[in-house]
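Biologist: Hey, I'm new to this one. Can you walk me through it?
Modeller: Sure, here it comes.

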Amino acid sequence: MPLAVCATPIGNLEDVTLRVLRELEEADVVLCEDTRHTRRLLERHGIDARLLSYHEHNEAQRTAEVLPRLEAGQRVALVSDAGLPAISDPGARLIAAAREAGVPVTVLPGPSAVETALVASGFGTDRFQFLGYLPRRVGERRALWEDVARRPWALVAFESPQRLASSLASLAEVLPERPVAVCRELTKRYEEVVRGSASEVAERFSAGTKGEITVVIGPAEVEAGDEALAVEAVSELVGGGLSRRSAANVVSRLTGVSRNRLYRDSL
């Protein structure tokens, strides 16, 4: 049997797929970060399953224990407290070990705080970058802001409510006009999406907040001169024998300008 990596709700317990519920019900064991948290989900949907804790503090030990079960053909489901395992949550070690041992791995998709926040932010884009949790150290955060200052695509990150105020203040110091959306308690009763410039949003949350936080930093504006040079680069590559589509792909990766826009404007 394959290792089943299951996405679970990021807030609302009804945001779970029928396929995940069936897998959790039929599994010989369900690995989860917090058994109490996962038990609430199972009880909500009338499922009685055997739960085994699997978190950052016992991940290595549990991987060694569970791998023989997988090799013996037991049905094992892996969940995190919210969203997909291995995305800023435990799970990658077991998935890698299973694949190395020749055990099939299947991923059951579902809710994602990253994509939900990106859509809710309104920063429509065909390209974005996930940063994971923001750095804790002041110097590392500032270096991050300076590094992404000119990236013309959205950035999505997780942050704890205790550090949100300091992280936003740091961003406002370096990129005060950059558009930002703070998405709090997504899919829950008190869901909130606050948009504005980095300075405005930093002031709004200066006293701190509570709940699960996902931050979306809007794309930097591409200056007209930069875009014109990017289009010219596409034309030069096409003149050198590269297909227009391939040229647009290459220049888009290097500059961040939309691939479709480069293709169209270079015709």
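Modeller: Some vocabulary to begin with: helices (H or I, at least four residues) and strands (E, at least two) are DSSP runs, numbered from the N terminus. This is a predicted model, where local features need pLDDT of at least 70, side-chain atom pairs count only at pLDDT 80 or more, and totals for chains, interfaces and linings use all residues. Residues are numbered from 1 along each chain as its sequence is written, and side-chain values use heavy atoms, leaving out hydrogens and water.

Biologist: Okay, which helices and strands each supply at least two residues of the lining of the largest pocket?
Modeller: Those are helix H2 (35-44), helix H5 (113-121) and strands S6 (128-133), S7 (154-159) and S10 (213-217). H2 gives the largest share, four residues.

Biologist: And how many residues line the largest pocket?
Modeller: There are 43, with Ile-10, Ala-82, Gly-83, Asp-89 and Glu-212 nearest its centre.

Biologist: What classes are in that lining?
Modeller: It has 19 nonpolar, 14 polar and 10 charged residues. Ala, Val, Leu, Ile, Met, Phe, Trp, Tyr, Cys and Pro count as nonpolar, Asp, Glu, Lys and Arg as charged, and the others, Gly among them, as polar.

Biologist: Switching topic: at what angle do H6 and H7 pack?
Modeller: About 45° for H6 (residues 138-148) and H7 (residues 161-174), with axes 9 Å apart. H6 and H7 are therefore oblique to each other (angles under 35 degrees count as roughly parallel, over 145 as roughly antiparallel, 65 to 115 as roughly perpendicular and the rest as oblique).

Biologist: Which residues of H6 make the contact?
Modeller: Arg-141, Arg-142, Trp-145 and Glu-146, where contact means heavy atoms within 4.5 Å.

Note on methods: 1 Å grid on protein atoms, 1.4 Å probe; cavity = no way out; pocket = protein on both sides within 12 Å on 5 of 7 lines; lining within 4 Å. Axes fitted to C-alpha atoms, helices over the stretch in contact; angles between N-to-C directions.
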